[in-house]
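Here are my notes on the model, set out as numbered points. Please read them with the coordinates open.

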Amino acid sequence: MRFEFYTEALANVPKLSVDGTVDNSIHFSHWQGNTTPAELKADTSTEIALNLVASPNRAALTHGIELVTNNHFDTDGTLSVWTVLNGERALAYRDLLISAAEAGDFSEYSSDDGVRVSIAIQGSDQASPNNDDGSPLARLLAGEEVDDDARTYDLVLPEVERLLTNINNYESLWREGWDGVVTAIESFERGKSKVTEYSDSKISLITLVPELFSGAGFSPTRHSAPYTAISKYAHGELFLIAIPSGSGWFYRLDYPYYSWAETVVRPRIEHRDLGGALQLLNNKESNRDGRWQTDNREMTSAVKFLDHNRTLAVSRLEPHDVVEALQSASRLAVAG
């Protein structure tokens, strides 16, 4: 087996498309629209790859094709590629590989080392096309910033097994991100940040304490939501994240962080028609410097209250008002 990062030069070449989905290939992927063999399907591409290398039908499933490709870089992509390249040897790391893939693609906390491995590889606790910080591991190996996905794979793939077996040797890569995850989880455990579940509407209201982000509080241009902690404590089908500011609240509305993928174990999340809710919210909103609007620039984001620069703005609505508008719009839609 050999890996080559996907370019148009491979468009007409038979290949194994691992994680990402490209044409003229056999898919081993959880991305929507994949044609992965049913017997291998799983929630992460890494687990699909592990199912493949463990299968007695591996040769038939791959049609004897030796070329492995992917069209983007992240934790799940890296580990699924590495698994296919290394075959049955990867099975010794099965639990850690799946845990790291879940941390990277779904912002889930299934083990300490899984989260740490993912942060070392992709640098963020959420895989997103908007995450352009680059791979900490690639940066360490290159001695400089690396912003090319093909080169990142070339650097990182030979290092994966050492990372899996000696995670503490890479503490400089994951320590800051890990501390952020731990701080956010402790905030929930101590009751400073809270989750209120509205079971009828399947809405989770997540109220985050501002000092979670820094001594100066939340800054919409510098900080992102603590996705791993939120996914640990929120169980609804729509997450309303509320962060208090001096004059109101910053808000974002997200779907669960696994919902962008085709999953087998995790339930399918239907996207809601939020048009009626947006109308209600904007009618109630007193800050006319911003608007409640659809925002899908991130893989699972749905709605935010944004200013004219499309940056999070301060809403003057209280969280219970926002939940009420979301619930009212849902009831009206059902009645209609």
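**Notes on helices, a loop and two sheets**

1. Start with helix 4. Its buried residues are Leu 96, Leu 97, Ile 98, Ser 99, Ala 100, Ala 101, Glu 102, Ala 103, Gly 104, Asp 105 and Phe 106. Keep in mind that this is a predicted model. Buried here means under 20% relative accessible area. Eleven of the 13 residues of helix 4 meet that mark, so the helix is largely enclosed by the rest of the structure.

2. What do the buried residues of helix 4 pack against? Five helices: helix 1 (45-54), helix 3 (75-86), helix 5 (112-122), helix 8 (160-165) and helix 10 (227-233).

3. The length of helix 4 (residues 94-106) is close to expectation. From first C-alpha to last, the helix reaches 17 Å, against 18 Å expected at 1.5 Å a residue. Ser 107 follows helix 4, and its phi is positive, near 55 degrees.

4. Two of those partners also pack on one another. The angle and the distance between axes describe such a pair. For helix 3 and helix 5 the angle is about 100 degrees, and the axes are 9 Å apart. Helix 3 is therefore roughly perpendicular to helix 5. Helix 3 contributes Thr 75, Thr 78 and Leu 79 to the contact. Helix 5 contributes Ser 118, Ile 121 and Gln 122. By class, the contact residues are two nonpolar, four polar and no charged.

5. Now a loop. Pro 210 sits between strand 6 (203-207) and helix 10. Which residues does Pro 210 contact, leaving aside neighbours within four places in sequence? They are Gly 217, Phe 218 and Pro 244. Tyr 198 is twelve residues from Pro 210 along the chain, and their C-alpha atoms are separated by 23 Å.

6. Turn to the sheet of four strands. This sheet is open, with the order 1-4-2-3 and parallel pairing. Strand 1 (2-3) and strand 3 (25-28) are at the edges. Each has a single partner strand, so one side of each lacks a neighbour in the sheet.

7. Strand 3 deserves a closer look. Four bridges pair strand 3 with strand 2 (residues 15-18) in the parallel sense. Ser 25 of strand 3 has Lys 15 opposite. In a regular strand, side chains alternate between the two faces of the sheet. In strand 3, Ser 25 and His 27 point one way, while Ile 26 and Phe 28 point the other way. Are these residues buried or exposed? All are buried.

8. The second sheet is also open, but has six strands and mixed pairing. Its order is 5-6-7-8-10-9. Strand 5 (194-198) and strand 9 (290-294) stand at the edges. Each pairs with a single strand, so one side of each is left without a neighbour in the sheet. On average, neighbouring strands of this sheet are turned by 20 degrees against each other, direction ignored.

9. At the strand 5 edge, strands 5 and 6 run antiparallel and are joined by five bridges. Thr 196 has Leu 205 in strand 6 as its bridge partner. Helix 11 (residues 275-284) packs on the sheet and touches strand 9 and strand 10 (301-307). The direction of helix 11 makes about 175 degrees with that of strand 9.

Terms used: Residues are numbered from 1 along each chain as its sequence is written. This is a predicted model: local features need pLDDT of at least 70, side-chain atom pairs count only at pLDDT 80 or more; totals for chains, interfaces and linings use all residues. Side-chain values use heavy atoms; hydrogens and water are left out. Helices (H or I, at least four residues) and strands (E, at least two) are DSSP runs, numbered from the N terminus. The expected span of a helix is 1.5 Å times one less than its number of residues. Buried means under 20% relative accessible area, exposed over 50%, partly exposed in between (1.4 Å probe, protein chains only). Contact means heavy atoms within 4.5 Å. Axes are lines fitted to C-alpha atoms, for helices over the stretch in contact, and angles run from 0 to 180 degrees between N-to-C directions. Angles under 35 degrees count as roughly parallel, over 145 as roughly antiparallel, 65 to 115 as roughly perpendicular and the rest as oblique. Ala, Val, Leu, Ile, Met, Phe, Trp, Tyr, Cys and Pro count as nonpolar, Asp, Glu, Lys and Arg as charged, and the others, Gly among them, as polar. Two strands pair if DSSP finds at least two bridges between them.
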